Amino acid sequence: MMTDYLEKVKKALGPKKQFIHGDTAVCYGALLAGCNFFGGYPITPASEIAEMMAKLLPKVGGVVIQMEDELAGMASIIGASWTGAKAMTATSGPGFSLMQENIGFAFMSETPVVLANVQRSGPSTGQPTLGAEGDMMQARYGSHGDYQSITLSPNTIQETMEFTIKAFNLAEEYRCPVFVMTSADIGHMREMVTIPEEVETFERKKPKVPPEEYVPFGKGQYGKEKVPEFAPFGTGYKTYVTGLTHNEFGFPATDDQQDHDRLIRRQIEKVTDDREKLTDIEQRDMEDADVALVSYGLASRSALGALSVARERGEKVGYFRLKTIWPFPIKAINEMSKKVDKIIVAEMNTGQIYHKVKEYADCEVVLSSKIGGEVHTPNEILAEV
Amino acid sequence: MKEKKSVNIVSGKKIQEKYLRDEMMPHIFCNGCGLGNVLDYALWAIEKEGLDMDKTVFLSGIGCSSRIPGYIHADALHTTHGRALAFATGVKMANPDLNVIVFTGDGDCMGIGGNHFIHAVRRNLDITVIAVNNYIYGMTGGQVAPTTPEGHFATTSPYGNIEPPFNMSDMAKAAGATYVARWPVFKPHQPINSIREGLQNKGFSFIEMLSPCTTAYGRRNKFRRIEDLWAHYEEKTILAEDHDQIEKFGTQEERKALKDKIKIGVFHRETKKSLEQRYQELLEELK
């Protein structure tokens, strides 16, 4: 990132060390990543992100707009992204549901955007102020049709900030929406955070060829082959962007099986080809473990507690935390499952990632489920050992 | 004698060559559809205003009218149903230097997009919206629209529509649009001038085009042929000024006849700061 801009951001953020909550950390990460557009709609427990963005973004010359609903919030950031902006929105379950339509559009049109979902208990209005992790499948399959999302799940406030930076970089690199999945607990929990001195940012690749040679949805020319270069609106490339199935020139091609097949498979493969690269796992005490505690997000904090309780008792338990949820770390789960007798998946829903783990594990997999807005106690997780 | 304006008059052929995407032809519009006219008028207005097509973005939602941007050689965002104005808000706010033109239809704008519409208008973004009103959901085969007149037939109102329709231009004006006009497509000059005025206006401009759809609307409502619908518009429309005069000074009979008339013309002009302008001022203040 340009140093003077980063300096301006750091000035707006204030002291290098701060005791902040997860929602603020999302904003800090966004600004550090170069976010210059926020469009959203208030919702508990994500409203603080919109509030903080409204305060901070204008100070660094960015745009904040509160839209009329979540559908519009998502729409506005896609529009902004097509002018070249680094755009994001933030929401929680009910809003995430409303955004699914335009999330699908963002995947189909290969628009880099970031969405922070501060999850709460659902379905429907559920428990607005209490945390959950019930939207993990929605982050993968929420919109209709076939697509592949990138979804990150932090478990500390520092990590929430860092993952938001990472989300922007991945969105730019892969030209697709990236989800940062926190929860009400992470969103409202305060921890000490250190604002980084340097921030590595990735900017979407722009075409180098003249407009007449530019193929907006064709092969990438000098980056990833499956990620075409992005020509922002207003730069003379005259790109037609549609949610219809389109050919490599961007024009509707709705009745050809091969056009659709080629387009959708490329859009999925641009992410899944890099599955290993995107896999991000924290392991503790896994070397000699017979039982692996697989978890992510807030539940992983309880799993960490369970780990120390079990180790004190002399039980060979290990901790295996997924930081990237989607694309799913197939190989890592499979290899790990061959070394343990049992996997316990602890999550704050009635079993979502559990099913994916079970799909790729070669050992017994059990679920430790907790819902209702409270976290697992370590003993609840260990009851499954 | 009036001095001649130095406007470059070019031929329709040149307009076609300059603005249309050859590779998108043939277009999807039915015989007798008014969308070709609307596209034509928009391009003439753009030509006369000398808009830089490298800096002009067209947006649309879903429906027949929303296919228009695909035929124009420019940046375009063909978005989800009803949401074009929400996308346009992002485009314009993120880059106020771009000219933003939105094509929408009555179902797209007043049905599924109604909420986005009133809020985009309220914000007074500097964008120009060309809303094509054909009283029907055409793309999906002729379902009743929020604009279908009472008693008229559609596939989902087979016994006649029992709901009162929305008046799009009145809605735009009530929500705070700074330029509002309505014209039927059979008049070329007035809509071209209105689109030009809309492009010049530094705020939310709304141009409603009454456009015939013989395929999905006409044939179910005794307008089987194109000329039936054109004749219908000719007979039913009345200039807003004439309407007001008759309302004030007309005989009882003349006033009674107004009930069935559709007002056309420029309904509203106002100068108000656009949202982008206000935002730029805010940024200046914070510097």
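In which sense do strand 10 of chain A and strand 2 of chain B pair, and over how many bridges? In this predicted model, the two strands run in the parallel sense, with 3 bridges between strand 10 of chain A and residues 75–78 of chain B, which form strand 2 there. One of the residues involved is T242(A), whose bridge partner in strand 2 of chain B is H78(B).

The strand pairing sits within a chain-to-chain contact that takes 36 residues from chain A and 33 residues from chain B. On the chain A side, strand 2 (37–40), strand 3 (63–66), helix 4, helix 5 and strand 10 (240–242) each chip in with at least two residues. Helix 4 of chain A gives the largest share of that side, at 8 residues. Sorted by class, the side of chain A that touches chain B comes out at 20 nonpolar, 11 polar and 5 charged residues.

Helix 4 (residues 70–81) also packs against helix 5 (residues 93–108) within chain A, at an angle of about 30 degrees and with the axes 7 Å apart. Because angles under 35 degrees count as roughly parallel, helix 4 of chain A is roughly parallel to helix 5 of chain A. The crossing of these two helices of chain A is right-handed. Helix 4 of chain A brings E70(A), L71(A), G73(A), M74(A), A75(A) and I78(A) to the contact, and helix 5 of chain A answers with G95(A), L98(A), M99(A), E101(A), N102(A), I103(A), F105(A) and A106(A). By class, this helix 4 to helix 5 contact in chain A has 9 nonpolar, 3 polar and 2 charged residues.

How values were computed:
Residues are numbered from 1 along each chain as its sequence is written. Chains are lettered from A and ligands numbered from 1 in the order in which they are written. This is a predicted model: local features need pLDDT of at least 70, side-chain atom pairs count only at pLDDT 80 or more; totals for chains, interfaces and linings use all residues. Axes are lines fitted to C-alpha atoms, for helices over the stretch in contact, and angles run from 0 to 180 degrees between N-to-C directions. Helices (H or I, at least four residues) and strands (E, at least two) are DSSP runs, numbered from the N terminus. Angles under 35 degrees count as roughly parallel, over 145 as roughly antiparallel, 65 to 115 as roughly perpendicular and the rest as oblique. A crossing is left-handed if the near helix is turned anticlockwise from the far one by less than a right angle, and right-handed if clockwise. Two residues are in contact if their C-beta atoms, placed from the backbone, lie within 7 Å. Ala, Val, Leu, Ile, Met, Phe, Trp, Tyr, Cys and Pro count as nonpolar, Asp, Glu, Lys and Arg as charged, and the others, Gly among them, as polar. Two strands pair if DSSP finds at least two bridges between them.
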